Amino acid sequence: MAYIEFNDVEKIYKMGEFDLKALNKASFSVEKGELVIILGQSGSGKSTCLNILGGMDGVTSGSVIVDGVDITKLKEKELINYRRNDIGFVFQFYNLVQNLTAYENIELGTQMCKKPMNPKLALRHVGLEDRMDNFPSQLSGGQQQRVSIARAIARKPKILLCDEPTGALDYKTGKQVLELLEDTCRKDGITTFIITHNISLAPMADKVIKIKNGKVEDIVINKKPVKVKNIEW
Amino acid sequence: MRKNRIITMSLREIKKSQKRFFSLCILSILGVSFFVGMKMSGPTMLKSLDKYYDDNKIYDLKVSSSLGLDDEDINEISKLSNSFEVVGSHTKDALFFDGSFETVLRIHEINNNLNNIIITEGRLPEKYNEVVVEDGFAYKTKYKVGDKIKLDLEEDDTSIKTNELEIVGIVLSPEYVNKAEVTQSRGNTTLGTGQVGYFCYALSDLFDMDYYSEIFILENDATKFRTHTKEYQDFIKKDEDKLAYIKENRQNERYIKIIEDSTNKVNEQEAQAKEEFERVQNELNDAKAKLDEGKKDLDNASSKLDEGKKELDKNKRKLDSANRDIQNGYKQIEKSKKDLANGLNDLNNGKSEIEKTLSNYNISYDKISTFVKKYDSSSFSVNDIIKIFNDNNIDISSSISSASVNIKALAVSLGINLDSLFSKYGINKDLLNKDNLKLDEVIDSATINQLKRMIFDDNFIRLVKESIPSTVPYYNDIQHYLDEFIKNNDNILKLFDAVRKIDNGYSEYYKNLNLVISKEGELNNAKIKYESGLSEYNKGLELYNSSLETYNSGLEEYNSNLELYNNNLKEFEEKKIETEEKIELAREKIKKIEKATWFIQTRENNNEYITYISSYDSINNLSNLFPVIFFLVSIMISLLSMARMAIENRSEIGTLKALGFSNFEVRLKFVIYASLATLLGGIIGAFLGYKFIPKIVIGVFNIMHNVPYFIYDTNHMPIIIGIFLSMLCIVGSTVITINNLVKEKTTELLRPIAPPIGKKIWLENVSFIWNRLSYSNKLTIRNIFRFKRRIFMSIFGIASCTMILLSGYGIKDSISFVVDKQYNDINHNDVLISLDGKVSKEELDEYIKDEDLNFNVYAKIDQVDIQNKRVSLVVPDDYEEFRKTLTIKDVKTKKEVVLTDNTVVITSKLAKYLKKKVGDTVTIYESDNLPYDFKITNISENYIGDYIFFNKHMYTKYVDEYKITTQYIRFNDLSKENEIMTSIKDKNSHILSSVSIAAVKEQCVTLFESLGVIVYVLVLFSGILSFVVFYSLAYINISERQREIATLKVLGFYNNEVDNYVLKEEFIITVLGILIGLFVGTYYAYAMIDSIEINTMQYIKDIQFSSYLQTFGFIILFGFIVSIGVHFKLKKIDLIESLKSVE
């Protein structure tokens, strides 16, 4: 059995009079430690995938197995525990708490974990050790995103979910962030999902899942992923 | 027409942000409804009263007089104005006591078409002995319609025709707008405890008075003015002046009439009395004459009886002495008889002894006795000698005579000396000369006595013997016998004596015996006579006794009649004196009648009316302060809301500006939005406020009042002002908020707003605290400092709610403390008695039993005017004593003030009113209108009433003469108050009125309890406001931080951790807000207390700790309730929010 399995997942949003099928029997599987890119256009259902995987949203039907546990069957409390122990989340807009310093933002992520990484170490990991006392507003977008990544990995999650992590960043910074994510995945062995609409990023992944209209259109497995450093877009 | 899309945007915005819109709406509703409601409450209350009064034609002016009023007065008053309706009316206060409950009832006359009363049950009286009572009385006494009540009238009280009245209905009277259970007093009276308990109404037929108690005047031209308004008061003042114009004249006329009438009445009474006296006197005199006559008869009878008695007594004495004599006689006879018997015995013994002797001689005693008798008699002869021995007829005499023997010779022979014999027995010796002398011759010559002696001479007998011739018969016998005789002559002589003695004894005995027997007969006769005398006497005595009895009964009758007469006379005299005294007293009284004084009163002098008006004033005062807070809060919340809205619309503003809209047009969207919200809320608020708040507020005050009318005031100014103010606040704050944004550069506006910058706060530098805080606490504190404006507004909002609530508690506390403080700390008496000032302290002391009282203190209280304020000038009779009843405490030093000769103390509220300090001079106008200037030396603590204190010396020196007008009493046992007061009042006729402090206290307490309802109303309003504030704040808080919260949730925060994250800071803000609110609210409450202060009462600005606690608790509770809502709202926040881009 694969580490993560999406089996015939359907997600229907009731939008007033008509139903919106965000996911339509989507199925895929991911092995532990893989760097996965979920690729799709806006509204394709890729974010829904991520939400479901992150325990932020339920499914209408189908099952999602993560490390042997069907997370669709979890109760709310278990789902929160799942989020806090197994998932690391990197937001498109970083979602740092403005009122906390970089260090404290990481603490915000680690405070509830059983065996978290030292926040300082996490910051060192993302190369921002010297900015740890800075508030988000004192950091650039890329730096903020790196803090956000540090916050995610400091919790030593099983899965790292990144929602358009470079969406709000310029090319250069975006690349740095992607490099960091790649690094995290490869070095720490954290299964990493990156959601993006940028098709040119695909080569960096072990597995590329293309989603269109709520369906898995294609799954491409790169035997030899290209390093981000070498990808241009 | 070109469509203005700004307006479209505005309307769409409303649709999009309904919550915000309605939040603004509600703010406007709150602000306007409260403002309108409070502003309308007062006028509505007044209008209700006005209509109530107008509909029931309640008097505008009332005249009463110390001497009553008459038809002439009514006439004169009626002439004053065409618009007057004038009616004379009777009033009577009477004691009511049903065994357990005592009160004073004030019976009013039901006036024809004036001062109408409202029947709530039953019907109006139709007969003189029917009455309608107030429901408070029915409730208290449990009497129902149909029951009869009995009044305790004085015996000679004829002012009403009956004291038994049937309750035929329950009424409301517009003259009495206070509820009975709240007022405790319907006015002052001279009866009972001095308080009228309840009112009732009866037909004029009930009253039997020759004067009117009051004259009521309805000013028809004043009905168009609302009562108590200045226009009304000014108008009525003119009428008052008119009345004052005729006052003097009417007073005099009434006085003269009263004097005339009473004098006539007294004269008539006097004449009547005189006539009556004469009649009775005559009757008495007749009776007296009859009695005297009877007395005379009795006296005659008495003297007769006395005489009879005397006679009887005399007879009795006689009888008694006779009886005594008889008894003595009998005793004597008895004794004589015994003596006689003894004598007889002796005699018999003597005789038998003699007989014994005689038996020797064979001579019977009788013979001897006969002999002796012969011997002793003159016929004795010698013959008899023989006869002693022999009864034979031996005649020795003849024998002798026959003898011829010369005795001379014989003698010689015999040897007898004749000479000596002769001389011995006196025989004539001449015989011796004869030669032949014969014995015969000798015997013949001898006298019988000589012979008797001689016989017993032996010589003689021998002569005889020898002489007798032997020839004579019986010679031998004779010789024998003579010898015998010679032998025994001595014994015979002795025997003779003995016999003679015995015989004498016997004859004596018989003589005596006869005497005794005759005496006994005499005595027996006497006894018979005595006994008949005695029975006669007894008969006489009986007669006397029965006569005496008759006399005595006659006397008794006379005496009882006399007593009766005397009693009648005494009674008559007493009655006469009494009547004379009465008449004298009546005359005295007439002399004492003082000039009539008119009391012209308006509605403003009606205590109950004034209480209602002070409720009205309180509401008006509250309406100035309360709504301010609501407007302030709505300003604040709308500032926040609109700021949030502006931020949310930031890029839109930028876009609009980029599209070339003017600043004005950009603003317009917001202004329209805010205006619509405000206007909508304002209209709803005005409607709600107008419709319901007066009902609630007046409802609260009507706990005390009995005004069945509720007429909305039609002055809509408050609505317009309220909506305008609301617009000003909300739209104003909108404009201010928007202005800041609009002035920003377009380019900046198009960029997303930089979120509030996180920064270190000063507390972090205090590392020893900061490092100890937990992570989440650090976060909370930072957050608090991050959203400074929101936090400030939150605190402000919560503080406002707290202030409102606290002020409610403050009012309640302050008022309820007044009674406690005044009657525990300052006044210590149980009763205050007003006296007529005509009586001395010593006299007053006599009416009082010392053992009942803790103290009994006197003072003079004078009503004086200071700056047109009526103030009581209190002058203790003895300050040391006075301290027991009243503690004059300096308001600043809290020390007791000693009244010395130069001390002028005024009470604190008065000082405040006068705006005077210690050292300032006040001018006091005494009743004579003369001004006196004094320098204030102390200001004293006092809460109820306005007073100035002088000492006695100072008063008499500068103001007026001193007399006692007031008496302060404290009982040892308060439960005996009624009993003792009744006894004091019975004794002391100088009492004008008395006030029971216990009753006053009770009255105040009920009043204040009812004011406590204000607190609930304020809890309600404060609650509503709190919810709006809390809700708005939470709403803004959450919507501002939705992403952050969603992120936390994505990060795996549990629900409670999320709640904690948000609510902890809200909690801190709330507590902070409350604390500030409590602090500021204290002063706000003070201001409020000042504004509702009643004229004569100073409230204590003292809010109890428990009130602070309760306020705190309530606000926390409101916050908690809202936080429950927040919890669910947080729970509902979609995690997906976190993924959305920043607007």
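**Salt bridges, cores and the chain A sheet in a predicted two-chain model**

Because B:Asp313 and B:Lys309 are four residues apart in helix α6 of chain B, about one helical turn separates them. The two side chains form a salt bridge in this predicted model, with the closest N and O atoms 3.3 Å apart. B:Asp313 is partly exposed, its relative accessible area being 29%. B:Lys309 also counts as partly exposed, at 27% relative accessibility. Elsewhere, salt bridges with shared partners join B:Asp70, B:Asp73, B:Arg250, B:Glu253 and B:Arg254 into one network.

Within that network, B:Asp73 is bridged to B:Arg250, and their closest N and O atoms lie 2.6 Å apart. B:Asp73 belongs to helix α3 (residues 71–80) of chain B and B:Arg250 to helix α6 (residues 230–359) of chain B, so this pair ties together parts that are 177 residues apart in sequence. Both B:Asp73 and B:Arg250 are buried, whereas B:Asp313 is partly exposed.

Over all chains, the whole structure contains 55 salt bridges. One of the pairs is formed by B:Glu1057, in helix α32 (residues 1055–1091) of chain B, and A:Arg84, in helix α2 (residues 76–86) of chain A, so it joins two chains. The N to O distance in this salt bridge is 3.4 Å. The two partners differ in accessibility: A:Arg84 is buried, with a relative accessible area of 5%, while B:Glu1057 is partly exposed at 27%. Between chain A and chain B the count is one salt bridge.

The contact between the chains draws on 27 residues from chain A and 32 residues from chain B. About 2,900 Å² is buried between chain A and chain B, and 60% of this area is on carbon and sulfur atoms.

The largest nonpolar core has 153 residues, and those with the most contacts inside it are A:Leu108, B:Leu49, B:Phe626, B:Phe882 and B:Leu1025. Apart from neighbours within four places in sequence, A:Leu108 contacts A:Val97 and A:Leu100 in chain A, together with B:Tyr775, B:Leu779, B:Leu1048, B:Leu1051 and B:Phe1053 in chain B. A second core, separate from this one, has 82 residues, among them B:Phe371, B:Tyr375, B:Ala411 and B:Leu569. In soluble globular proteins, nonpolar side chains tend to be buried together.

A buried polar residue in chain B was also examined. B:Asn56 is located in the loop that runs between α2 (18–55) and β1 (61–69) of chain B. With a relative accessible area of 7%, B:Asn56 is buried. When neighbours within four places in sequence are left aside, the contacts of B:Asn56 are B:Leu114, B:Asn115, B:Asn116, B:Ile118, B:Pro174 and B:Tyr709.

Chain A contains an open sheet of six strands with mixed pairing, in the order β6-β7-β8-β3-β9-β10. β6 (87–90) and β10 (215–221) of chain A are at the edges, each with a single partner strand, so one side of each has no neighbour in the sheet. On average, neighbouring strands of the sheet are turned by 20 degrees against each other, direction ignored. Inside the order, strand β3 (residues 35–39) and strand β8 (residues 191–196) of chain A pair in the parallel sense over five bridges. A:Val36 has A:Phe193 as its bridge partner in β8(A).

Two helices of chain A lie across strands of the sheet. Helix α1 (residues 46–53) of chain A lies across β3, β6, β7 (159–163), β8 and β9 (207–212) of chain A, and runs at about 150 degrees to β8(A). Helix α5 (residues 141–153) of chain A lies across β6 and β7 of chain A, at about 175 degrees to β6(A).

A:Ile211 is part of strand β9 of chain A and counts as buried at 3% relative accessibility. A:Ile211 is separated from A:Leu39 by 172 residues in sequence, yet their C-alpha atoms are 6.1 Å apart in space. Not counting residues up to four places away in sequence, A:Ile211 touches A:Leu39 and a set of further residues including A:Ile38, A:Gly40, A:Gln41, A:Ser44, A:Gly45, A:Lys46 and A:Cys49. A:Val216 and A:Glu217 are also among the residues that A:Ile211 touches.

Note on methods: Residues are numbered from 1 along each chain as its sequence is written. Chains are lettered from A and ligands numbered from 1 in the order in which they are written. This is a predicted model: local features need pLDDT of at least 70, side-chain atom pairs count only at pLDDT 80 or more; totals for chains, interfaces and linings use all residues. Side-chain values use heavy atoms; hydrogens and water are left out. Two strands pair if DSSP finds at least two bridges between them. Axes are lines fitted to C-alpha atoms, for helices over the stretch in contact, and angles run from 0 to 180 degrees between N-to-C directions. Contact means heavy atoms within 4.5 Å. A nonpolar core is a set of buried Ala, Val, Leu, Ile, Met, Phe, Trp, Tyr and Cys residues joined through side-chain atoms within 4.5 Å. Buried means under 20% relative accessible area, exposed over 50%, partly exposed in between (1.4 Å probe, protein chains only). Buried area is the accessible area (1.4 Å probe) that two parts lose on being put together, summed over both. A salt bridge is a side-chain nitrogen of Lys or Arg within 4 Å of a carboxyl oxygen of Asp or Glu.
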